[in-house]
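Before this goes further, here is a colleague's reading of the chain, set out as numbered points to be checked against the coordinates. Please keep the sequence open alongside.

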Amino acid sequence: MGLIKDIYSVSFYEKLGQAVAEVHPSFNKQKFIEAVYEGDFAQKEWKERMKHTTIVFHQFMPENFTEAISLIDKTIQKLKNKFTEGNLAFIFFADYIEIYGIDDFKTSAKAFVSITQFISCEFAVRPFILKYKEKMIDEMIKWSLHENHHVRRLASEGSRPRLPWAMAIPFLKKDPASILPILENLKNDPSEYVRRSVANNLNDIAKDNPQIVLEIASKWKGCSKETDAIIKHGSRTLLKQGHPEILSHYGLESTNIELSSFEIKTPIVKIGDYLQFQFHLNNKNPEPKNIRLEYAVHYKKAKGHLAKKVFKISEKSYQPNQLIKVERNQSFKLITTRVFHIGNHQLSIIINGKESEVLEFELID
């Protein structure tokens, strides 16, 4: 598997340049490619290459933004015969709108609708939300009723208060009321792709405004199995936090559910190995109970404090007096998204939001 930055290859620029030249005869494909590869292109990472492509591409396009977008639209029609939909390399088209269209709201709004049907624009739309606020959100509410599912998804995904890898939207983190009509319009969307985005938006909202999500969960409950799934996925942070109201919403009570024989089998764990642990669980209620079963690793951080991360094991119904044994391995293999620190860590079991006693283990080099 190649590096992601290598999606920007000579072959890519050849096909792109040929498609542009077919709709823009004065476009010099060879000079464009030469300009792309000038300087330190080889040392650039993928996002740097994407930004560089946007800037160089702009140098070969009309100064007038409306004319440039018209040519991009025509180019995309040509490219659809050469590339599959959603090819990541073309995210520079969205970046083009973000950089060169920020002062032309009307043209950019139309361009988002067109271009997101070829390559997603959820990152590029966010500076427009910050600049135009309600004006942009009103436009996105209209998008939520669009016939194309990519446009409807852009309405939800682009308006997420905390979209990962993107700039946050502080005023939406503080008060997401203006984007709730988007989610309302999409709660029964026929596309799972769109519904999952609605759930992710709700989960973002829950991190700053849990009560709003709890109210939506109550309002939407039972509308359809699809809407129930949105609520469940959108409440995942609240469930991991053991929020009492969401636990009650799903009937997740911890009364008479017994944890026993909780044991860490590897009290000393070497970085690169696995933490091994086990426990028994018994539903001592006279009726079946839904049990959400999780465990928390309290990781030691660089400054010596512990930070809890919750991992789900299962969520299912247990019969009266059903006793089960659970065994799990937690990896401490080195990965790019987590740094491990040697020393004492902790482990706990969480049953329907209620955390057990913690056991300690030591992580060593």
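1. Leaving aside neighbours within four places in sequence, Phe-128 is in contact with Ile-97, Glu-98, Gly-101, Ile-102, Ser-108, Phe-112, Lys-133 and Met-136. Phe-128 belongs to helix H7, residues 126–132, and, since the model is a predicted one, its burial should be read as a property of that model. Its relative accessibility is 0%, and because anything under 20% is classed as buried, Phe-128 falls in that class. The C-alpha atom of Phe-128 is separated by 20 Å from that of Glu-63, a residue 65 places away along the chain.

2. For the chain as a whole, the secondary structure comes to 16 helices and nine strands, and the C-alpha trace spans about 75 × 50 × 35 Å along its principal axes. Of the 365 residues, 48% count as buried, while the exposed surface comes to about 18000 Å², with carbon and sulfur atoms supplying 50% of that area. Among contacts between residues at least 6 apart in sequence, 69% join residues at least 24 apart.

3. The largest nonpolar core has 79 residues, and the members that touch the most others are Leu-16, Phe-57, Phe-90, Phe-93, Ile-115 and Trp-143. Helix H4 gives the most to this core, with seven residues. A second, separate core of 25 residues includes Val-297, Phe-340, Leu-347 and Leu-363.

4. Which residues does Trp-143 contact, leaving aside its neighbours within four places in sequence? They are Ala-109, Phe-112, Val-113, Val-125, Met-136, Val-151, Arg-152, Leu-154 and Ala-155. Phe-112 and Met-136, which are among these partners of Trp-143, are also among the contacts of Phe-128.

5. Helix H4, residues 65–79, has the span its length calls for: at 1.5 Å a residue its 15 residues should cover 21 Å, and the C-alpha atoms at its ends are 20 Å apart, which agrees. Within H4, the buried residues are Phe-65, Ala-68, Ile-69, Leu-71, Ile-72, Thr-75, Ile-76 and Leu-79. Viewed down the helix axis, the buried residues of H4 fall within an arc of 160°, so they line one face of the helix. That reading fits the general rule that an α-helix has 3.6 residues a turn, so residues three or four places apart point the same way. The buried residues of H4 pack against helices H1 (10–23), H3 (46–59), H5 (91–100) and H6 (105–115). At the N-terminal end, H4 is capped by Asn-64, a side-chain oxygen of which lies 3.0 Å from the backbone nitrogen of Thr-66.

6. In helix H12, twelve of the 17 residues are buried, so this helix is largely enclosed by the rest of the structure. The buried set includes polar and charged side chains as listed by name, among them Arg-195, Asn-200, Asn-201, Asn-203 and Asp-204, alongside residues including Val-194, Val-198, Leu-202 and Ile-205. From its first C-alpha to its last, H12 reaches 25 Å, close to the 24 Å expected at 1.5 Å a residue. Its buried residues pack against helix H9 (149–157) and against H11, H13, H14 and H15. At the start of H12, a side-chain oxygen of Ser-191 comes to within 3.3 Å of the backbone nitrogen of Tyr-193.

7. Helix H13, residues 210–220, buries Ile-212, Val-213, Leu-214, Ile-216, Ala-217 and Trp-220. These buried residues pack against H11 (180–186), H12 (192–208), H14 (225–234), H15 (236–240) and H16 (244–249). Just after H13, Gly-222 takes a positive phi of about 80°.

8. Is Gln-278, in strand S3 (residues 274–283), buried or exposed? Gln-278 is buried, with a relative accessible area of 13%, and, neighbours within four places in sequence aside, it is in contact with Ser-261, Phe-262, Glu-263, Lys-265, Lys-325, Val-326 and Glu-327.

9. Ile-7, in the segment before H1, is partly exposed, with a relative accessible area of 28%. Not counting residues up to four places away in sequence, Ile-7 touches Phe-12, Leu-88 and Ala-89. The C-alpha atoms of Ile-7 and Leu-88 are separated by 7.9 Å, although the two residues are 81 apart along the chain.

Key
Residues are numbered from 1 along each chain as its sequence is written. This is a predicted model: local features need pLDDT of at least 70, side-chain atom pairs count only at pLDDT 80 or more; totals for chains, interfaces and linings use all residues. Side-chain values use heavy atoms; hydrogens and water are left out. Helices (H or I, at least four residues) and strands (E, at least two) are DSSP runs, numbered from the N terminus. The expected span of a helix is 1.5 Å times one less than its number of residues. Buried means under 20% relative accessible area, exposed over 50%, partly exposed in between (1.4 Å probe, protein chains only). The arc is that of the directions from the helix axis to the C-beta atoms. Contact means heavy atoms within 4.5 Å. A polar contact is a pair of N or O atoms within 3.5 Å; within protein, one must be able to donate a hydrogen and the other to accept it, and residues adjacent in sequence count only if both atoms are side-chain atoms. A nonpolar core is a set of buried Ala, Val, Leu, Ile, Met, Phe, Trp, Tyr and Cys residues joined through side-chain atoms within 4.5 Å. Accessible areas come from the Shrake-Rupley method with a 1.4 Å probe; for residues, only the protein chains shown count as cover.
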